[in-house]
Structures are given as C-alpha cells and as structure tokens.
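Visitor: I have this one open on my screen. Can you walk me through it?
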Amino acid sequence: MSVLSSYESMFGTSFSCQCGMQHTVPLKYVVIKQKAEEEIPSILAEQSAGKRGLMICDDNTWELAGGRILEVLSNKGYEIRVCMLNQKPMVIPNEKAITQILLEFEPSMDFLIAVGSGTINDLTRFISHRTGKPYIIFATAPSMDGYASTVSPLLINGFKRTYITVPPLAIIANIDILCSAPDDMILAGFGDILGKVTSLADWQMGTILMQEKLCPVARNMVQSALEKVISEASQIAQRRPESIQALMEALILSGVAMMLMGNSRPASGSEHHISHYIEMKYFMEGRQPLLHGTKVGLAALYTVALYNELASLDHQKVDIPRLVKMRTPYEEWCQRIEEVFGPIAQEVIGSNDKQNWNPDVYERRLHDIKEKWENHLKPLLSSVPPLGTVKEWLHRAGANFTPRALGIEQNLVEEALLYAKEIRPHYTILRLADDLGILKEKIEKIMNLV
C-alpha cells in the first residue's frame, strides 16, 4: 500500500486535530508517474493560476525536465520566462541566487515553477512567499524532505537561517526521472529519512522537558514514512520504481508533517543541527557543500549512538549541586561562541535564550530531568534502535555515510557534535547530554563507534 494514500484526503483541507490544533494543508496535488509534466497545464487551469510564469532551474535540471516543461506549457498557450541559476559548481541558497530570481521576476507574472530538488525548491518557495505568487515544484530527485515544507533554510551572511515561507500548490515528479537520479542524490534522500529516527525522539524529548506540543498525526505520518523506507532499503538500492516512489512519498509526507505543525520539529532534530553546522563551516571555508541528506545520514549515526549511550546512564548519580557549580558562565560561553563561529557568532548568540544560563533555571531543569528519568526519559532513550541496526539499514541501501567515506575530517565532526546545539533553540539529545555535563566525554566515546 502506498504510504501517501493514507493521508491524501488531508490535502487541500483544514481540520481540527486531536492534538488541539487546527491544521491546514495547502498542498493540493501530488503527481508521481511517467510523463507527469503533462499534468502541469491542467493543474494551473483548475486553480485559475493565470497564464504567465517564471521557471527557476539550473543547467542540469533544464536538461532533465525544464526544456520539456517549457514545451508542454508553451503548447497550451502559457508564457514562461526561464531563470537559469548559474552558480558553479552548484547553486547555493544565498543572497546571490535570491537576487538573480528577483531580477527575472515581474509583478505581472501569475505563478512560479521550480524545476529541481532541495536548493531550487527552497529558493522558489522563499520568492513565492515574498511575492505572493503560487508555485509548483517539479521534483527531479528523491533527495530531501523539503518539497512540502513551509520553511526555507537559506544561507544568509553565512548563517543557516530557517525562514517561514509557503508550501507549493503541487508537487509533480516523473518517476523515470526520479529513478535516473544520481546515486548520491537517492542516498541523500534515504539519509534524510533515516534522520527521523532521532528527530522524532528529540521532538518527544522536547514535550517531556520543555512542554512542547506534539501532534500524534504528524508524528505517525513521519514514523510511517520512516518504516516504509527502511522496509524498502535494498529495493531502493536497486532503483526499483515502486521503491523509489515510496522514498519520494516518504520525503513528501515528512514535509507535510512540518506543514501541519508550522515548523520543522517533526522531521528535524539534533542530526539536522549537526548537518547545518557542517554546512556553515564548509561555506565559511569556501568548500563545496555535501548534499543535505548525506550530512543528515552521517549525523544520525552519531545521534543514535548518543541515545544508546544515555539509555544506560544511572540517573541517581547525577550530582545537581556540582553541575550547577561547574556550569559555564554566560559570558564565557559567549566568548567561546565568538571563537568557534567567527563572523556569524552574534547570530548564534542571538538565537539562544540567556535564561538557559540562569543557575536557578538550570537547577530546576536538572531536577526535572531526574524526576522524569525512570518513567519518561529512559523509555524514550531506549526506544531508539541500536547503532548496529541503523548501520545495517544503511548497508542494505548501499550507503556509506562515515566521515572517511564522505571526506569529512574527524575534528570537524567532533566540533559539530559539541557546538551544533547552539544554532537552534530546540531541546535535543545534544542539549540533554550537555545539561548532564557528559557531552564531551560521550563524544569522545562515540567517535570510535561510528
């Protein structure tokens, strides 16, 4: 059974949920099939979207699908201007790309069409939100889970910021194009879904310790997507069309779950923060970035290992007075952040709540951790599968996300594990280990496990 079919009735609707929220799913169409591009004119017509549009693509996605989409739309009387993003060797979601799109955009245009995957989708979604024009994404690879998301992670002034934006009107994908995507892009999609192992656990941790809201519908949506992809791992490696479609549907559902919550919490936790940290460091050093899902797959190995480590912790040995006394003062923390993050340090400092360094607040949080350990935290920590199991899933998919295979220095991974928690305010396994004063020692141990 298709993992998407269970939730299609939600598309284009608004409903009251058991979690107490009123959810809205603006995404109306998902089309994944052969010659799917031929559906675009009828979707635009059904939505009375107008006749003038801007297509955003790059050299690769133009060759894959952009030219054909232009032909299909032109034959139906649509007037389409093409914005060919020209950053080499790959498009970066930064100010330069945003400016190029805006220079091609005209207020009289009716809609936008993104042709590509992660970066092109994020950029087009951002422009769609700022201009008020609807957009369609024609997906060219099952490489990341942001297709249906309502946020755009962009590199602005070198800092990975997440902007609240809008979802697409439709997600269109030609299954033949998805199956022909490069290996690294398919594996990146697998890695992005694999990260849900810890993002879901981190989200639940936030509800236990920080009273965050958790929606069972959104959680189950991501969990079912994760389970489906894991069950199809070896078939995904063989590019079986039904399995590639299952991967694509799982990635879309992950984005829909974020849409339900209005933020990235259901599908992004400590493993994504580590990925963002590595990406920012690459950017600062002028290095070509790795695919987002590849970095998430790498990070998930370490966050899973950290969950496994903390599951065996004896909470009775947590010495609260000693931890409060040893807590790094705020001013010293700020100084360290300036050393580590350099030109973007103030962005990082500004994204953190100074109250976290208040001794009374910290002490209350530690008491809360100890009180909730046995009945709430330990079962959650133990629910994350063993690292060996996760490695086996990756092996079946044909993925090798170790630092050596990806060319990532060990010291950068260690640095990311230590400081990635600072770039997002969400409570995660990294923050729990830090609160307990054991993050550094556990990092040293898990570096040898992955």
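Guide: What follows goes through the sheet, some helices, the cores and a few loop residues, all in a predicted model.

Visitor: Start with the sheet. What is the strand order?
Guide: The order is β3-β10-β7-β6-β4-β5, in an open sheet of 6 strands with parallel pairing.

Visitor: Which strands stand at the edges?
Guide: Those are β3 (29-33) and β5 (79-85). Each has a single partner strand, so one side of each lacks a neighbour in the sheet.

Visitor: And how far are neighbouring strands turned against each other?
Guide: By 15° on average, with direction ignored.

Visitor: Back to β3. How many of its residues are buried?
Guide: 4 of the 5 residues of β3 are buried, so the strand is largely enclosed by the rest of the structure. Its partner is β10, with 5 bridges joining the two in parallel. In that pairing, Val31 stands opposite Ile172 in β10.

Visitor: What does Ile172 face on the β7 side?
Guide: Phe138 stands opposite Ile172. Strands β7 (residues 135-139) and β10 (residues 170-174) pair in the parallel sense over 4 bridges.

Visitor: Which helices pack on this sheet?
Guide: Helix α2 (residues 59-75) is one of them, touching β4 (52-58), β5, β6 (111-116) and β7. The direction of α2 makes about 160° with that of β4. Helix α4 (residues 118-131) lies across β4, β5, β6 and β7, and runs at about 170° to β6.

Visitor: Is α4 buried or exposed, residue by residue?
Guide: The buried residues of α4 are Gly118, Ile120, Asn121, Asp122, Leu123, Thr124, Arg125, Phe126, Ile127 and Ser128. With 10 of its 14 residues buried, α4 is largely enclosed by the rest of the structure.

Visitor: What about its length, and what comes after it?
Guide: From its first C-alpha to its last, α4 reaches 20 Å, close to the 20 Å expected at 1.5 Å a residue. The helix is followed by Gly132, whose phi is positive, near 75°.

Visitor: Switching to the interior. How many residues has the largest nonpolar core?
Guide: That core has 148 residues, and those with the most contacts inside it are Leu27, Met205, Ile252, Phe341 and Leu432. Helix α10 (residues 241-261) gives the most to this core, with 12 residues. Apart from it lies another core, of 23 residues, among them Val31, Ala65, Ile69 and Phe138.

Visitor: What is Leu432 in contact with?
Guide: Leaving aside neighbours within four places in sequence, Leu432 is in contact with Met205, Leu209, Leu310, Ile369, Trp373, Leu381 and Tyr427.

Visitor: There's a threonine close by in the sequence, Thr428. Where is Thr428 found?
Guide: Thr428 is in the loop between α19 (410-419) and α20 (429-435). Its relative accessible area is 0%, so Thr428 counts as buried. Neighbours within four places in sequence aside, its contacts are Asp202, Met205, Arg265, Gly269, Ser270 and His273.

Visitor: And α21, which of its residues are buried?
Guide: In α21 (residues 439-446), Leu439, Lys442, Ile443 and Ile446 are buried. They cover an arc of only 105° around the axis, which puts them on the same side of α21. The buried residues of α21 pack against α12 (292-311), α19 and α20.

Visitor: Since α12 came up, why is it called largely enclosed?
Guide: Because 18 of the 20 residues of α12 are buried. As for its span, 28 Å is what 20 residues should give at 1.5 Å a residue, and the end C-alpha atoms of α12 are 28 Å apart, which agrees.

Visitor: Last topic, backbone. Which residues other than glycine have odd phi values?
Guide: Most residues other than glycine have a negative phi. Lys35 has a positive phi, near 55°, and Arg239 also has a positive phi, near 60°.

Visitor: Where do they sit?
Guide: Lys35 is in the loop between β3 and α1 (40-46). Arg239 is in the loop between α9 (233-237) and α10.

Visitor: Buried or exposed, those two?
Guide: Lys35 has 55% relative accessibility, so Lys35 counts as exposed. Arg239 is at 26%, and therefore counts as partly exposed.

Definitions and conventions: Residues are numbered from 1 along each chain as its sequence is written. This is a predicted model: local features need pLDDT of at least 70, side-chain atom pairs count only at pLDDT 80 or more; totals for chains, interfaces and linings use all residues. Side-chain values use heavy atoms; hydrogens and water are left out. A nonpolar core is a set of buried Ala, Val, Leu, Ile, Met, Phe, Trp, Tyr and Cys residues joined through side-chain atoms within 4.5 Å. Buried means under 20% relative accessible area, exposed over 50%, partly exposed in between (1.4 Å probe, protein chains only). Contact means heavy atoms within 4.5 Å. Two strands pair if DSSP finds at least two bridges between them. Axes are lines fitted to C-alpha atoms, for helices over the stretch in contact, and angles run from 0 to 180 degrees between N-to-C directions. The arc is that of the directions from the helix axis to the C-beta atoms. The expected span of a helix is 1.5 Å times one less than its number of residues.
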